[in-house]
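Visitor: I would like to go through this model one question at a time. Please give the reasoning before each answer.

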Amino acid sequence: MSSDQFDSALDLLRRLPPHSTSANLNRICAIAPSLTEDLLSSVDQPLESRTCKKTKRDYLLCDYNRDGDSYRSPWSNEFEPPLDEGDEGGSVPSERVRKMEVRMGEGVEVYRDLYYEGGVSSVYFWDLDDGFAGVVLLQKRTPKGGSEGGWDSIHVFEAIDRARTAHYKLTSTVILHLGTKNEALGEMDLSGNMTRQIEQDMPVQDDNSHIVNVGKLVEDMELKMRSLLQEVYFGKAKDIVGDLRSIQPLTEANKDKATHQEMINSMKR
């Protein structure tokens, strides 16, 4: 694989609409198959959901619960579709980490219902030599209609155990898509993504402390990123659109401008 090809592919994906990332990624992988694994592990895509055949509950798909064409359900801890007999059973967390995964998933469900009032969430953990790592996924979609929108947040973390503390490294990505189409307003599409990272040492007493610490980090990061989107990105977009498009007729705008200038001139006398 050429590093120039990989960098060019990443640069191209950054310049294309985020809500079309999955389709564009598939096209690039078809053109350059040697880039497939590296791109799938490096590019955040809008999340897709699937229903667990065993528990009938929805879960989210990502590269962290994938093994070939199969995905591990966080509810049953089994791969769907089942892996081939020749495989070693796929990568599943140890008993200790699996218990934390289940408890974290239950907590994230409560958080999702309180903040998003619905949607789908999933949590996946895996073992590390000196700790464990995981990903917290949240998705909310608007009902199909004249307006549509989607929010995907992906929080990947590492927890490295130390004496009485743990070192956490959290990388969070939000993918947002908003669109509307009607005769009065025309067609509008606003989409983008944002990635932020934080590292922090926090006290740990037992495995439950890890659940509390990771939950607090994820919640704080989501609040910060939502505030940035609302105040900075949406605020800036609103100012730009307001400058480009005026509801007031041009003659009235010129009249107001002339009156304003006249007032300024009179104050200078």
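Guide: One cut-off comes up throughout: buried means under 20% relative accessible area, exposed means over 50%, and partly exposed covers what is in between. The model is a predicted one.

Visitor: Is aspartate 113 buried, partly exposed or exposed?
Guide: Its relative accessible area is 41%. Partly exposed is the class between 20% and 50%, so aspartate 113 is partly exposed.

Visitor: Which side chain meets that of aspartate 113 in a salt bridge, and at what N to O distance?
Guide: Side chains of opposite charge can pair when their charged atoms come close. The partner of aspartate 113 counts as buried, at 11% relative accessibility. That partner is arginine 112, and the N to O distance is 3.1 Å.

Visitor: How many salt bridges does the structure hold?
Guide: The pair of arginine 112 and aspartate 113 is one salt bridge. Another is formed by the side chains of arginine 72 and glutamate 101, at 2.8 Å from N to O. The number of salt bridges in the structure is 15.

Visitor: How far apart in sequence are the parts tied together by arginine 72 and glutamate 101?
Guide: Both residues are buried: arginine 72 has 3% relative accessibility, and glutamate 101 has a relative accessible area of 2%. The salt bridge between their side chains ties together separate parts of the chain, because arginine 72 lies in strand E4 (residues 70–72) and glutamate 101 in helix H4. Those parts are apart in sequence by 29 residues.

Visitor: Which helices are linked by aspartate 207 and arginine 96?
Guide: The side chains of these two residues meet in a salt bridge of 3.0 Å, N to O. Aspartate 207 is partly exposed at 24% relative accessible area, and arginine 96 is partly exposed at 36%. The pair links distant parts of the chain, 111 residues apart, and the helices are H5 for aspartate 207 and H4 for arginine 96.

Visitor: Is arginine 98 buried or exposed?
Guide: Arginine 98 is found in helix H4, which covers residues 95–116. Its relative accessible area is 16%. The limit for the buried class is under 20%, so arginine 98 is buried.

Visitor: Which residue has its backbone oxygen 2.9 Å from a polar atom of the arginine 98 side chain?
Guide: Leaving aside neighbours within four places in sequence, arginine 98 is in contact with Arg72, Pro74, Trp75, Ser76, Asn77 and Pro93. One of these supplies the backbone oxygen in question: proline 74.

Visitor: Which element gives the largest share of the largest nonpolar core?
Guide: In soluble globular proteins, nonpolar side chains tend to be buried together. The largest nonpolar core here has 29 residues, and Met104, Phe125, Phe132 and Tyr168 have the most contacts inside it. Elements giving two or more residues to this core include H4, strand E6 (120–128), strand E7 (131–141) and helix H5 (207–244). The largest share is seven residues, and the element that gives it is H5.

Visitor: Which residue of H5 is in contact with phenylalanine 125?
Guide: With neighbours within four places in sequence left aside, the contacts of phenylalanine 125 include Met104, Phe132, Phe157 and Ile211. Helix H5 covers 207–244, and the contact that falls in this range is Ile211.

Visitor: Which element gives the most to the nonpolar surface patch?
Guide: Val110, Leu114, Tyr115 and Leu223 make a nonpolar surface patch of about 380 Å². Among them, leucine 114 has its place in helix H4 and is exposed, with a relative accessible area of 67%. Three residues of the patch come from the element that gives the most, H4.

Visitor: How far apart in space are arginine 226 and valine 174?
Guide: Arginine 226 has its place in helix H5 and is partly exposed, with a relative accessible area of 22%. Its contacts, leaving aside neighbours within four places in sequence, are Tyr111, Tyr115, Tyr116 and Trp151. Arginine 226 and valine 174 are 52 residues apart in sequence, and their C-alpha to C-alpha distance in space is 9.0 Å.

Visitor: Which residues does serine 22 touch, not counting those up to four places away in sequence?
Guide: Serine 22 is found in helix H2, residues 21–31. It is buried, with a relative accessible area of 17%. The residues touched by serine 22 are Gln45 and Pro46.

Methods:
Residues are numbered from 1 along each chain as its sequence is written. This is a predicted model: local features need pLDDT of at least 70, side-chain atom pairs count only at pLDDT 80 or more; totals for chains, interfaces and linings use all residues. Side-chain values use heavy atoms; hydrogens and water are left out. Helices (H or I, at least four residues) and strands (E, at least two) are DSSP runs, numbered from the N terminus. Buried means under 20% relative accessible area, exposed over 50%, partly exposed in between (1.4 Å probe, protein chains only). A polar contact is a pair of N or O atoms within 3.5 Å; within protein, one must be able to donate a hydrogen and the other to accept it, and residues adjacent in sequence count only if both atoms are side-chain atoms. Contact means heavy atoms within 4.5 Å. Patches are made of residues with over 30% relative accessible area and no salt bridge: like charges are joined within 9 Å, nonpolar side chains (Val, Leu, Ile, Met, Phe, Trp, Tyr) within 5 Å. Accessible areas come from the Shrake-Rupley method with a 1.4 Å probe; for residues, only the protein chains shown count as cover. A salt bridge is a side-chain nitrogen of Lys or Arg within 4 Å of a carboxyl oxygen of Asp or Glu. A nonpolar core is a set of buried Ala, Val, Leu, Ile, Met, Phe, Trp, Tyr and Cys residues joined through side-chain atoms within 4.5 Å.
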